[in-house]
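Q: Could you take me on a close look at one part of this model, the helix that gives most to the surroundings of the ligand? I would like to know what it supplies and how it sits in the rest of the structure.

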Amino acid sequence: MSQTVSFDITPEKEASKLQFLRRQLSGSPPEVSRQDVDLTGQTAIVTGANGGIGLECSQQLLDLGLSKLILAVRDEVKGEAARKTLTTAKALEPSQTIEVWKLDYASYESIMGFAQRVEGLNPRFNIAILNAGINRGVFALNPTTHHEEDLQTNYLSTVLLVLLLLRILKKTYATSSLSKFSPGRIVVVSSDMAAWAKFNEKNDEPLLKAFDKKSNWDKLERYATTKLLGQLFVADIAKRVPPSIAIINCANPGLCHGSALARELGTGTALFVRAIGRPSAIGARILVNAAIKQDEKSHGQYVEDCKLRPMAPFVYSKEAEQVTPRLWEETIEELSFAGVQDILESLSSAQVD
Ligand SMILES: NC(=O)c1ccc[n+]([C@@H]2O[C@H](COP(=O)([O-])OP(=O)(O)OC[C@H]3O[C@@H](n4cnc5c(N)ncnc54)[C@H](OP(=O)(O)O)[C@@H]3O)[C@@H](O)[C@H]2O)c1
């Protein structure tokens, strides 16, 4: 169901450090203008919207006339502060509203409750930018799922949210009036680092549990691998779910300063980010582009500097052919409590034209 896209650069070359530096140092990706895309009448969800790149995405969506913005945050006090920032930065138009909704990726219960609330939206949501992410500087297991925290947030919980949102988009499709964002759009936020992951756990069985062993943990490597797993998932789900339900892609904002993520990694990394990073507002342009400018061709693909680009080389490798089905199976098993198997069956058999 995903389309074959040809690139003018190989995945290996795209993944090179030289290419990365070129991207970081060569100009700004273009901003979407309101003349180009007007979001009046549309509803968007941005997760991890209280700061960094998520807050900048929120501002850019409002600038494009978005009618309803849901700031999905784990800390509602920070969410309210973000709402205040957005409403004082520029006056909202009378038709624009911002709501702060609690969503904690560390808790499946919170994700299920959030999705239930999203299901009650009328009109339905059109755009979701799944931006929440972490890079814990220390090894930690989630107290309820017992999975390592980066894996939990950046991969498992993100996948659960994608599947629940897809179910809502499919369910509400028939009852919603058509808009320019039918089908809906879901963006999974990725990173340059996915391409540099060693993914040492790839031959372990079971696979997901290998991430929960402290001896396998390394702070940067773990972050990189969880972002790679996200790419494998996006490429895979796009083969199973038609873009007539939702266009789902992943997008890389590039290395950005002004976010909390690098600060967790210590002074050395923070200085490096300061030296070659871009402002979060520039990174946010790429996520917004992926959400509202990219079309069906981007289903299951990767957006970098507002263009379709190859994902991490591993995604196209022979090894991935072995690993992806195991990853898929274990992920669906992990999330079985949420009925994801039934969701997938109903999505893959969907005839939404
Ligand atoms: N900055 C970069 O250079 C860079 C580069 C490539 C990709 N990215 C990706 O871009 C996204 C945004 O990162 P950022 O740089 O803007 O970092 P950030 O400022 O740390 O923002 C991350 C957001 O995710 C939220 N979050 C973390 N754990 C969560 C949880 N369990 N439940 C709900 N929300 C949670 C954070 O909330 P709290 O404020 O409550 O912690 C925060 O709002 C991430 O997915 C990151 O991996 C960033």
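A: Happy to! Helices here are DSSP runs of H or I with at least four residues, strands are runs of E with at least two, and both are numbered from the N terminus. A residue belongs to the shell around the ligand if its C-beta atom, placed from the backbone, lies within 6 Å of it. This is a predicted model, in which local features need pLDDT of at least 70 and side-chain atom pairs count only at pLDDT 80 or more, while totals for chains, interfaces and linings use all residues. Residues are numbered from 1 along each chain as its sequence is written.

The part you want is helix 3, which gives the largest share of the shell, three residues. Helix 3 covers 52-63, and helix 9 (260-263) also supplies at least two shell residues. In total 29 residues surround the ligand, with Gly52 and Ala260 among the closest.

Now for the helix itself. Its 12 residues should span 16 Å at 1.5 Å a residue, and the end C-alpha atoms lie 17 Å apart, which agrees; the expected span is 1.5 Å times one less than the number of residues. Helix 3 is largely enclosed by the rest of the structure, because 11 of its 12 residues are buried. Buried means that 20 or more other C-beta atoms lie within 10 Å of a residue's own, all placed from the backbone; exposed means 12 or fewer, and partly exposed is in between. Gly52, Glu56 and Gln60 are among the buried residues of helix 3. After the helix comes Gly65, with a positive phi near 90°.
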